[in-house]
Structure formats: C-alpha cells, structure tokens
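Colleague: Could you take me through the pockets in this one, slowly? I'd like to hear what lines them.

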Amino acid sequence: MLPDLISSTLLRLRARQGRPFGLALLVLMALLLILLPNGPLPAMRLALFDAWQVLMPRERLSGPVQIIAIDEASLKEFGQWPWPRTRLAALIDRIAAQQPLAIGLDIIMPEHDTSSPEAVAATLGQEHATLKASLKTLPAHDDILGTALQRAPVVLGAAGFDVPAAGTTGALRLWPVHAQGGDALSHVRRFPQALASLPALQASAKGQALLSADLEKGVVRRVPMVGAIGDALLPALSLELLRVATGTSAVEVVLDGHGIDSVGVGDLNVPVQPNGAVWVHFSRPAPGRYLSAFDLMRGNLDPAALQDKVVIVALTGLGLMDYKTNARGDFLPGVDVHAQLIESFFDGRFLQRPVWMPWVELMVLLGFGLLLIWSVPKLGPRLAPLPAVGISLALFSGSALLFSAAGLLFDAVTLFCGLAMLFFSLFGSMLLAEVRERQQSERALQVARESAARVAGELDAARRIQMATLPSAATAFPGETRFALDALLEPARDVSGDLYDFFMLDRRRLFFLIGDVSGKGLPASLFMVVAKALSKSIALRAADDVAAIVNRANQELGRENPEMLFVTGVAGILDADTGELTLCNAGHDAPRRLLPDGRIEHLPNADGPPLCVIEDFAYPVRRYHMQPGECLCLTTDGITEAMDAEGVLYGSERLDELLRATAQRGCVTPSVVVESVRESVRAHVGGADASDDLTLMVLQWKG
C-alpha cells in the first residue's frame, strides 16, 4: 500500500514538471516589480532606454532655440572669462536688437564686477585721489548690465545646492508658480540653498529659472521641470523661457493622487513624472543649434538670425564649459539639454513613463509567465525554447514600438530577465525529470552493462596481449645502417586479424611477413597469433628458403583449423649486404616498389592461394634486386578498401599517387611513408567507422 502511494505521488510530481516552483518564482518576481519603485534591475532598464535613444533619436522638426556660445573664438577676441559686465551687456543688446522671444543666461553672476570703475577706485590710494573721484563718477558695470537686462526679455539661472556654500542664498526673486490639486513641494526636488546672480541683476530680469539636474551614473536622462529652493517653487530654464516668450504670468503645476501630473505654460502642457522631472528625448548632435558670440558681436550673422527665437547664452570655451553626457552617449555642453527640451516642446515629442506603466508591465509579466508555465513542460526539451524566443521578440519589439510611436518607456529588459529565469527553471525541472527516468532505465540495464563491461575488459586485455606480440621497428635493429623498416597495425575492432613480423635470420638476412586472416573478431585474432608464432618458429628452424617456410606454414596451419579460416600473406627475405630480395605471395595484395627516381612499380600478383586453402601447395618464389634507397611497400586490403561516410573506397590509385607525391618531396624513409599513408587514410575515412584493420609495412634498403 505504502509503495503504491509513494509511486503515485512521484508520478504526479513528475507530471507537473516544475510548475509549482515556477508559479512561486513568478509570484516573487511580481512582488519585486510592485515593491521596488525603479524595478529590480534599474541599471539595465536605463541601458535599454538609452539604447532606444541611440537607435531612434528625436527628429528635429523645428529649430526654435539658438545658443549663443561664448566659445574659444570669442574668448580669444574679447579676452578670458569673466568678461566685464559692460561687454556682456553689449552682447545682450546685440541679441535683443534682433527681437528674440526670450533670452536665457546659462551664466551665474553672484559677485560684483571687479573691473567696474568703483571697484578699481577702491583699490587706489590717496595719491590717486583725482583719478578715484573721476572713476566714481562713472556708472557701475553691474548697473549697465542691469539696464540691458531691463530692456530685454532675459531669464537668469540659479543652481541648487544641497548644503550651504560660499555665495549661496536661500532667498531669490521668483515669479509665480501655481500648483493645482495639492502641495507640489512634497514631490519636487528641493534644494536648501542656491547660487544665483546679484539681487540687483535679479530685479532687472524678467524671470528666474533652475539650472540644476541630477545625473544618473554620470548621464543626463531626466531634468526637473520644476524644483524648489527652500520653500519656493522654481521652474526649469526651458519652462521659464517659454513663460517669458509667451508673456504668461505664471507656470501651472497640476497634481493628482500620485504626485505631479503635468506642468504648463499657456497652451503648452508637458506630462512629467510624479517628482516633476521629464525624460528628455535627445536628437542627434546639431551644430546648427550653436552660433558664436564672436560672429554676433562682429556683425557676421544674418540680422534676422535670432528673430522670434528663444536664445540661450552659455559658456562653451575650452576650460569653461560644463559638458555632460546625455542618454545617447553624446558629450555636449549642459545648455544643450535645455535647448533640446524646448525643441521637444515645440515638436510635441515627449518621453513618458506614466504611473500606470509598472502595472502594465506586471500584467505582461504574469501573462507571459503563465504561458511559459503551461507551454514549456508540454512542448518538451526540443520545442520548449520556441515560446521563450517568441516572448523575447515580443517584449523588445513591443518596447521599441511604444518608444517610437508614442514616446512610452516600457521596461522590456527587466521582464526579459525575470521570464528567462522562469524559463530556465522550468526547462531545468523538465531535464531533471528526464534524468530521473533515464536513471530508472539505467538501473534496469545495469546487469547487462556490467556483463558488457567484463567482456570489454577481457577484449581490451586480449588487444594489449596481441599488440605486444608485434615487434617494434624502432627497437628491433639497434645500430643497423644497411636497411630501415617501419610498420603499422591499427585494429578496426578491439582485436585484429592482421599480422606482421620481422627478425634477422642471421647477420645478413632479414625475414619479414605481412598477413591478413579471414573473418573478424576474436576467432580471427586468435588465429592471427597462432599464424605469427608458427611462421616465426618455422623460419628460425628452416631458414634456407622462403618458399620452404611458406609451404611448411601452410601445412601446419591447415592441420588443425576447425573454423576453416585462411590467411593471405607475403613473406620475404632480404640480403642486407647485397640487396637481393626473395618474395613469396600467398593470395595477398601485390607489394609496391617505391624506386629512388619516384616511380611506383607493382610487383606481380599472388603466386598461389591463401594459406589453409590447398594442402601441400608448392608456392613459387620471385627474386628481385633492390636499388639503394628503394622502398618495398606491403599493405593489407584495409588500406585500399577503407571507406568514407559515402561508401567511397580509398583505392589503389589514390595510394599510388600518395606514394609518388611522398617520393617527390625527397628524404623518403619508411617512417615518413607509414605516417603519410596513415594520415591520408584517416583524412579519407573522416568520421566513418573503420571497416577493416589498417596494416602497412615499409622496408628500405640503403645499400
């Protein structure tokens, strides 16, 4: 009863394929998405939004803003900063003469002009009393600038400070900011102090604006449309310039239950984040947005270049500029951000991440998550990635489409990471279930595997014993200089039915043998060992003639052969002093002579049948004389009949071409020939299984 209960429980859990854990993981991700205001992966989310800015920058449909840049040319012409206030007044008069809608100064002047006549007079002693009196009669530079500010629609800027510093103040001259629907101070970015221009200059201006923006890891992405200095609301420079340009008396701030919903000037209404900030949709760098103060002062500009424009005066000269990196990665002066905001106002192009967007993302997460939980275990390992890939494409293409068409910021990357975790959890659970099933199958086959392992071990031992009976060409003839020899045998299976042997009959004569036993597997390998041992014994006892050796071996092997096996082979004796060669071929492939001039000569085919076929057959002998440097190449059919995956044979012609090419390269030695043949056959066979044993012997007489 209990085993059946346990078995049924395991089956039910296996059928769920990780779905309970997947549901728990999905709920956890949903809670993180709700509880963390910026999401669980804020850096990756910002990186995605930056990527959309790079791929889909804002197109400049209008050019309402012109930046008058106090650049290097201006500083070189009119002197280093700070300029006398009279020169700045002249610059403002020049701008005002072209009738712009508003002029913004991205410049803060918290101290009096040290070049002003009264400031210079204060530094003179009594010996210059006449000069001091004359200087005091001249108008102060700050007064001249104040008069210029009064004549033009100028907005001054102030920078917020979190802590008091030299020159900061908590009191500014401000223009009305009306809040509707609640208290805006509790939502906006607040600065206790501000660095602003002199009170007299503030009194002459038509507006005051906030220049500050908090960087996110050194990058400008969001700018507060309205902030606070102390307990007073202060609009951003872009918004205040539009207020002055339109002649509107106040900036309107609309709040809802989540915070600030929008800010407006006249007919313009800008949707913002609950803290009053706006995401800036940046365009590509626009050099035409900038005009040099030098060209303006020297009259090099079109007289109508600034007419009906919003003008911002800013320092951009080397060593003075306040450069910032925007979301596109462009390194531009900070004033460029204000100019781009005004352009987006005119073009009606806003980036938004509404308060309801996280709830949309939550619904998408739950919908796609449930789809994965249902589909992944059902589809199986091969098809399970398909819904995951489709969901990934839907997330990122949907995010890109919302950005491009509506300016909505949809956080696809956080959802992608969460759903990827869910997918791998389900996929891993599914694989674990398959592993458990495989383990059960393996247990059922364990006895068979152990039996097979024992057999394999015995075959491996047989292989080692068999291969150990073969002589090693590298150590068989130490100090021998009359001839060289190398051989190779690579079994197609665990054990081989091919054989070779070589040894000295006396000081002059070398006996060698290569053969191929019919059949495969263990019977052929046992017969191979018997044939090799018997042939060597006969050769050492009857060493006068190779024919006698082969005839005697044929008789002995055929006497007790219950499996009716036979052996093809070539036996030979080389006189190492004279190069005389005697060969006897018993039904084997014809040997090849690789001559010193690179020619290949095929010796005659077999002179008789394989051993163990005809009892008492008298095998004839052929005699040759080897040339100095000549190689005798003996092979089994495992080389010429080696097949690739398509069943194409290696062939005799391919072997001849290889031997000919090897000879033409020069420095032919048995080891070089053996290695060349082995690599060529391996390259031909490729990944196909070996069809037969690979056996090769190369004998070279050096003279």
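Modeller: Here is a walk through two pockets, one after the other. Keep in mind that this is a predicted model.

Let's start with the largest pocket, which has a volume of about 910 Å³. It is lined by 34 residues, and those closest to its centre are D106, I107, I108, L211 and D322. If you want to find the pocket on screen, pick out those five residues. Now for the helices and strands around it: α5 (85–97), β18 (310–315) and α12 (335–347) each put at least two residues into the lining. Of the elements, α12 contributes the most, with 3 residues. As for chemistry, the lining of this largest pocket splits into 21 nonpolar, 6 polar and 7 charged residues.

Next comes the second largest pocket, with a volume of about 740 Å³. Its lining is made of 27 residues, and P37, N38, R45, R222 and Q273 are the closest to its centre. Two or more lining residues come from each of α2 (19–35), β10 (222–224), β16 (277–279) and α13 (357–383). Here α13 gives the most, supplying 4 residues. Sorted by class, this second lining holds 15 nonpolar, 4 polar and 8 charged residues.

So what should you look for when you turn the model around? For the largest pocket, go to D106, I107, I108, L211 and D322 by the centre, then find α12, its top contributor among the elements. For the second largest pocket, go to P37, N38, R45, R222 and Q273, then find α13, which gives the most to that lining.

Conventions:
Residues numbered from 1 in each chain as written. Predicted model: local features only at pLDDT ≥ 70, side-chain atom pairs only at ≥ 80, totals over all residues. Heavy atoms only, no water. 1 Å grid on protein atoms, 1.4 Å probe; cavity = no way out; pocket = protein on both sides within 12 Å on 5 of 7 lines; lining within 4 Å. Points joined across faces, edges and corners; volume = space filled by probe spheres on them. Nonpolar A, V, L, I, M, F, W, Y, C, P; charged D, E, K, R; others polar.
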